[in-house]
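Trainee: I'm new to this structure and would love a close look at one part of it. Could you walk me through how that part is built and what it touches?

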Amino acid sequence: MVDSQVETASKPDRPWGKPQIAACLSVLSMGLGQLYNRQWAKGVFFLLIQFSYLGVFFDFLNIGLWGIVTLGTIPKLDHSILLLAQGIISLLIIALGLVFYFLNIRDAYKVGKIRERGEEPPGIKETYQTVTGYGYPYLLVAPGLFLLIAVVVFPLLFMIFLAFTNYDLYHSPPAKLVDWVGFDNFFNLFRSELWQNSFISVFQWTVVFTLVSTTVQFGLGLFLAILIHQKRVRFKKFWRTVLILPWAVPAFVSILVFTSLFDNTFGPINAMLTSLGLGGVPWMTDPFWTKIAILLIQFWLGFPFSMALCTGVLQGISSDLYEAAEVDGATPFQKFRSITLPLVLYATAPVLITQYAFNFNNFNIIYLFNEGGPPIPGSTAGGTDILISWVYKLTFDSFKYNYAAAVTIIIALVVMSISVYQFRRTRSFKEEDLIQ
Amino acid sequence: MKWNKWLPMAMVLVLAVGVLAACGPQRDADQTQKEAGKEEKPKELVIWANKDSDELASTKKLAKRYQEKSGIKVKVVGQDMLKMQDKLNLDGPAGKGPDLVTWPHDRIGEAVITGLIQPIEVSQDVVDQYSESSIKALTYKGKLYGLPKVTESIALYYNKDLIKEPPKTWEELVEYAKENTEPSQKKYGLLFEGENFYYDYFLFRAYGGYIFKEENGKFNTQKVGLNNEGSKKAGIEIEELYKNKLIPKGIKADTVNGLFKEGKVAMVINGPWALSDYRGAKVNFGVAPLPKINGENAQAFIGVKGWYLSNFSKHKEAATELIQFMTSKESLKSRYQDTGDIPPHKDLIEDPVIKEDPAVKAFAEQAGYGNPMPNIPEMGQVWEPINNALAFIAQGKQKPEKALDDAVKLIEEKIKAQKQ
Amino acid sequence: MTAKWQSHLGLIVTYAILLFMVAVTLYPILWVIGSSLNPGTSLYSSSLIPQNATLKHYTWLFTSPESQYVTWYLNTLKIAGINSLLSVLLTSLTAYAFSRYKFVGRKYGLMSFLVLQMFPSIMAMVAFYILLSMVKLLDTHLGLILIYAGGQIPFNTYLVKGYFDSIPRGLDEAAKIDGAGHNTIFFRIMLPLAKPILAVVALFNFITPMTDFLLPQIVLTSPEKQTLAVGLFGFINEQFNNNFTQFAAGSVLVAIPIAVVFLLLQRYFVTGLATGATKG
């Protein structure tokens, strides 16, 4: 690099242009390039921004970067987990700083180009107009983005980093320091008998639960929406109002109520079945029946949302389509197959995907209904544990935060990649960009 | 030639490396060993007390008394007892922590390992005031981490309208239950949460079962005794209860309480937390210690809560004195009067206030025979497997021998994984 | 003749199915109401139609010195209200940008966040605790609200953007020609037109704090700052002292306002949601 600099600098026929000089000056310090470009106000402003950034954040970043590399050096004094968090925040702050830094360099370069062409650089007023015009969408998005970084990106990074540490009960601050251990957690997970013993069955049930609960709750919602949408059905408002109620009751209340309704010995459901002469069903103690109960509850909880959504879509479908089909002599089922279903699916696909993903990680219903039980002999997972509740049991009970993080990452990668694949097939991505 | 575009980038890199290399805090290596010399009398001590309203009020009252006595201000902050450790973990190092904390004794092990509490130094006379089991509960690896304020144990509630005197022995009790149980009429002789190890522990103990082998006052977590001869005998005993339909499968505390309050059950095994509920239902009931089993007093689990010394307390000595005041005979008596918490103080058990309440006396007596739940973190790995095994036994899914062997294998695996 | 019969039969079947669904829907709800009127404390003795119905659990909630129900209720209303407003503001700003402007990240930004949020949220709790403790927002309602308001952005932005997209672009372009600025277009044209979907977003975000019992347990440590859901959950979750009938009474009083708001907004609901979710 140095050689080439000397070499090129000695070539008189390739003089340093204004853009390069401005950019390099801006690299040394934000605002220098702008000053060189004779944009005085902008240059001073940039300088101020840079110095206040450094002034405000220097100490924080200093400790944060050191912290994330070492995770502390003196036990009791250094809190590894706080240092890790500070390190992640530092990285985010630096990323933000770098964005502005590169914008500053690019700006210096571009304005340099303008000056090289012999034109006047834009003045304060023009700059202001560009910023408020071109930058307006960024201003709109900024507050939301800031919160999203704090609420979504930070926890994600935190978990990812944790998966590469030995953070558990015996390596826990303040008594002990946490250390980086590379991929050890992932290897140990695959080696541990605890995990191998029930993985397949848990995974199968997770997939079944996700597919069946989401598909049926959506199907049921659509079915009811269609029933009520029929012209000849009366009291439409009444049906819709009552059927949307499960959505209005807090889910955890409903689930806990179902727990008592399904009680083996004293629950009203078994009492009803007995009085019908069918005999009680071991809802809480037999894995098969517990699974059935959980699915039924999830249908109950989930169908109103789909019903509301589908009702709206149905109302938006032009009746011409159906009339045309009727003229062709289509049966109601044919109308459903070739008009309603494709249109509804097309319209709701992205929402449906998020619902599948939600149910894949639907910890609440599993945990609140029967804590993943009933237990299965010889298995670390209960009969209705899905992956996420199983992970929670195996790691949080024993304070293995590092394993918890590692498994979560694996699960998340699976769910996210399937979702991305599905999302890309929906129209949201195929749509032509309509904005000029 | 694009070199002129890359030059600024290169400069950025050089700058970045320069900045990174100089990172890190500047501090003296011996900063940690600053504390030395005599401790000064503090102006203020802080207590994190349980948020429960009666308890908080009682603690505040005692704190005020101490303030009048010693001139040291005591600030009491209500906290969720089960979240105190998480909070102390961050607040302690930041210098915002309290001097005294409290939580159930079975979480002491975790707190010591993560460095949240420190041993206290008190004379043997002080220690001797309390029941041995409660002191054992607050001792971890041979060191005492606080002094006890409450002890809890299960005992036998009996419905006086159905049975005048509770049976003297477990064997008689089971006989009685066999004769007086009629599930079809929801009539039961004896009910308890039989699929919960917490309630079954005394059966395991009665025949010589144990959780971890005790060696020199410490638990050896390599030696789990939940599938030894005695434990298996207990397993068979439990299996019998369910086989003979004395206890319905899958029964939970809620149902036990409901049936007892309806007057359908002669006897239930439960803790002092059920007292107010039963009193409210106007059942004519009495409380007795668990009947003798195998010729000995039943050793049930006891739970203890004490005041512990935070590892971040800057006034170790003053805080230790405060602990002693808070758990003195007078303080615990006042606390009992405010909250009904049964004190593990030897003198108080003989005190008229307690002696005159037969229910409390029964609980206090039973607590005296009991074993504290192990306070080591490995205990956390025991509950689920053993409870599952009990459920399998109760439901007839596995024979006791197999169920307990499997459970112990799982417990050992889980403990291994925890330390991995 | 047969066709007519078939059609009648169809209608009867339709009504039968609807009635069945209404029964299934209402049964658990009525059961909770029944339990809340039951004199005992346990689930075991509860029934649909209690023998000696009593309102004592309701009076207990409001009058007992041991009960913090009113405090919880006020806390929750405050959190829910502020969260609802803040979320509508944040979401509509973001959605406006996504619907009408071109900027870096427009194409993949929203979807990326939707996907990132599929990361199991229980694992994020540890991170929230530490983050809030670092910025000194632990045990404050503000901290809780900021997490709610942030977390809801991707999905609701998706809905609102979809709705904005359905508003003819001609409207704002005409306004632009008339000399209206960015802000004017947003506040005077877009927001009023998007009322249905904004109502949906407001409702969603009003409900979340009323029903979530996990996050407040992590964020709020002082009992007097606690929210309804956590407090109610405590009634039945205390290991040795659960009180199902009080829980039922408390839940009924939570569900009623939500249900009423729901029903009032229902007409916005169906159109808003459908347009938002399907035009996105």
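Mentor: Let's start with one definition: two residues are in contact if their C-beta atoms, placed from the backbone, lie within 7 Å. Keep in mind, too, that this is a predicted model. Our part is chain A, and we can begin with its neighbours. On one side, 76 residues of chain A are in contact with 72 residues of chain C. Look at the chain C side of that interface: its largest share, 13 residues, comes from helix 1 of chain C, which runs over residues 2–36. By class, the chain C side that touches chain A holds 57 nonpolar residues, 14 polar ones and 1 charged one.

Chain A also meets chain B, with 38 residues of chain A in contact with 41 residues of chain B. Which elements give two or more residues to the side of chain A that touches chain B? They are helix 1 (2–9), helix 2 (18–28), helix 4 (40–70) and helix 9 (193–196) of chain A. The classes on this side of chain A come to 20 nonpolar, 14 polar and 4 charged residues.

Now let's turn to how chain A itself is laid out. The domain assignment splits chain A into domain 1, residues 19–181, and domain 2, residues 186–433. Taken over C-alpha atoms, the centres of domain 1 and domain 2 of chain A are separated by 42 Å. Where these two domains of chain A touch, domain 1 gives 9 residues and domain 2 gives 8. The side of domain 1 of chain A that touches domain 2 has 6 nonpolar residues, 2 polar and 1 charged.

There is a record to set beside this layout. An unreviewed UniProt entry places the annotation "domain: ABC transmembrane type-1" on residues 203–422 of chain A. In the model, residues 203–422 of chain A are 75% helix and 0% strand, and the C-alpha atoms at the two ends of the span lie 20 Å apart.

Let's zoom in on some helix pairs of chain A. Helix 10 (residues 199–229) and helix 15 (residues 287–316) of chain A have axes that come within 6 Å and cross at roughly 45 degrees. That angle is why helix 10 of chain A counts as oblique to helix 15 of chain A. Helix 10 of chain A passes helix 15 of chain A in a right-handed crossing, and the contact between them is made of 17 nonpolar, 8 polar and 1 charged residues.

Next, follow chain A to helix 19 (residues 387–396) and helix 20 (residues 401–425), whose axes come within 8 Å and cross at roughly 165 degrees. Angles over 145 degrees count as roughly antiparallel. Helix 19 and helix 20 of chain A are therefore roughly antiparallel to each other, and their crossing is right-handed. You can pick out the residues that meet here. From helix 19 of chain A come Leu387(A), Ile388(A), Val391(A), Thr395(A) and Phe396(A), and they meet residues of helix 20 of chain A including Tyr401(A), Ala404(A), Val407(A) and Ile411(A). This contact of helix 19 with helix 20 of chain A has 9 nonpolar residues, 2 polar and no charged ones.

Before you go, step across to chain B for a pair to set beside that one. Helix 17 (residues 383–395) and helix 18 (residues 400–419) of chain B have axes that come within 9 Å and cross at roughly 165 degrees. Helix 17 and helix 18 of chain B are therefore roughly antiparallel to each other, and helix 17 of chain B passes helix 18 of chain B in a right-handed crossing. Among the residues that meet here are Pro385(B) and Phe392(B) in helix 17 of chain B, and Leu404(B) and Asp406(B) in helix 18 of chain B. The contact of helix 17 with helix 18 of chain B divides into 11 nonpolar, 1 polar and 1 charged residues.

Conventions. Residues numbered from 1 in each chain as written. Chains lettered and ligands numbered in written order. Predicted model: local features only at pLDDT ≥ 70, side-chain atom pairs only at ≥ 80, totals over all residues. UniProt positions renumbered as here; feature names shortened; annotations may be inferred. Helix = DSSP H or I, 4+ residues; strand = E, 2+ residues; numbered from the N terminus. Nonpolar A, V, L, I, M, F, W, Y, C, P; charged D, E, K, R; others polar. Axes fitted to C-alpha atoms, helices over the stretch in contact; angles between N-to-C directions. Parallel < 35°, antiparallel > 145°, perpendicular 65-115°, else oblique. Left-handed = near helix turned anticlockwise from the far one by under 90°. Domains from an automatic or database assignment.
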